[in-house]
Amino acid sequence: MRISSCAKSNIMVIITAMTKIAVKIKDFSFKYPDATVALENINLDIAHKERVGIVGPNGAGKSTLLLAIGNFLKSQAPVEIDGMLSTKDNIKKIRQKLGVLFQNPNDQLFMPRLFDDVTFGPLNMGLSKEEVILRSKEALRSVGLLDKKDKQPHHLSAGEKRAAAIATVLAMKPEIITMDEPDSSLDPRSQNKLIELLNQMSQTLIIATCNVNFIARVCNKIVLMDSGKIIAIGNRKEILGNQELMNKHGLEVPAQLISDD
Ligand code: ADP
Ligand code: MG
């Protein structure tokens, strides 16, 4: 079968679109002001729609890596988000593409009423009032908190706070979302609900945690970090299922990946 040059170029356009990189980090290192080297020579490509788990022991550099992706580190080198370098000129556009869920939900919930917390982001994007209300209700509904929209955020339970913080991010409709330890301080039922929610989401997800049992149920691509470096990148089974590798870096094989033989 012969393919015309026009068809070939169309195919190329489709392939390029399909493999478009959401996050690209090249030769990236970062030192905190007290001289702690938190990231060393990081190279990482994350494609759109990928669900990536960043795992590693405490102090591995997971949170710093997420901060680097969000361009929150002081004097950091730029990273590439959806083909744009995170320079001063691009940062506003990047903030609309990239949603960030901080480790502590209280950092995201600061208004007297939950609904105001959720509308805060979309309002700042300059959207119409109707659109802001529509998006905010949709985001709250998707995390199961629409009926609590008038509650004071500090009266919510830990699991509800986490879900509320996720709603504040979802309402901005980012294409890429980073989450720092979203599973922490959640009881098993709240964790299961969060896993269900994450597995329904279609965005590019980048989740840092040391909870391998949680991440094994959400992400297929795994990045193992230790001492500020990327130790290995692979699929869930290759990385999380490798007992020697997991133990060497202070982690365990998730229960669901332990083979019976
Ligand atoms: P993780 O999220 O994997 O636990 P972090 O990214 O928080 O790791 O930390 C990586 C390293 O950077 C650790 O050695 C930590 O002590 C250090 N670090 C984190 N934040 C700061 C900071 N603000 N100032 C100095 N050192 C820091
Ligand atoms: Mg951390």
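This section describes the two largest pockets of a predicted model.

The largest pocket encloses about 490 Å³ of space. Its lining consists of 18 residues. Those nearest the centre of the largest pocket are Arg95, Leu98, Phe120, Gly121 and Met172. Two or more lining residues are contributed by each of helix H3 (91-97), strand E6 (98-101), helix H4 (114-124) and helix H6 (158-170). Of the elements involved, H4 supplies the largest share of the lining, with four residues. By residue class, the lining of the largest pocket comprises nine nonpolar, six polar and three charged residues.

The second largest pocket has a volume of about 350 Å³. For this pocket, too, a lining of 18 residues was found, and Val143, Ala163, Ser190, Lys193 and Leu194 lie closest to the centre. The elements giving two or more residues to the lining of the second largest pocket are H6 and helix H7 (188-200). The greatest contribution comes from H7, which provides seven residues. The lining of the second largest pocket is divided into six nonpolar, six polar and six charged residues.

Helix H6 thus appears in both descriptions: two or more of its residues line the largest pocket, and two or more line the second largest pocket. The leading contributor is H4 in the largest pocket and H7 in the second largest pocket. In terms of composition, three charged residues are found in the lining of the largest pocket, against six in that of the second largest pocket, while the nonpolar residues number nine and six, respectively.

Terms used:
Residues are numbered from 1 along each chain as its sequence is written. Chains are lettered from A and ligands numbered from 1 in the order in which they are written. This is a predicted model: local features need pLDDT of at least 70, side-chain atom pairs count only at pLDDT 80 or more; totals for chains, interfaces and linings use all residues. Side-chain values use heavy atoms; hydrogens and water are left out. On a 1 Å grid over the protein atoms alone, a cavity is a set of points where a 1.4 Å probe fits but cannot get out, and a pocket is an open set with protein on both sides within 12 Å along at least five of seven lines; lining residues have an atom within 4 Å of a point. Grid points are joined across faces, edges and corners, and a volume is the space filled by probe spheres set on the points. Ala, Val, Leu, Ile, Met, Phe, Trp, Tyr, Cys and Pro count as nonpolar, Asp, Glu, Lys and Arg as charged, and the others, Gly among them, as polar.
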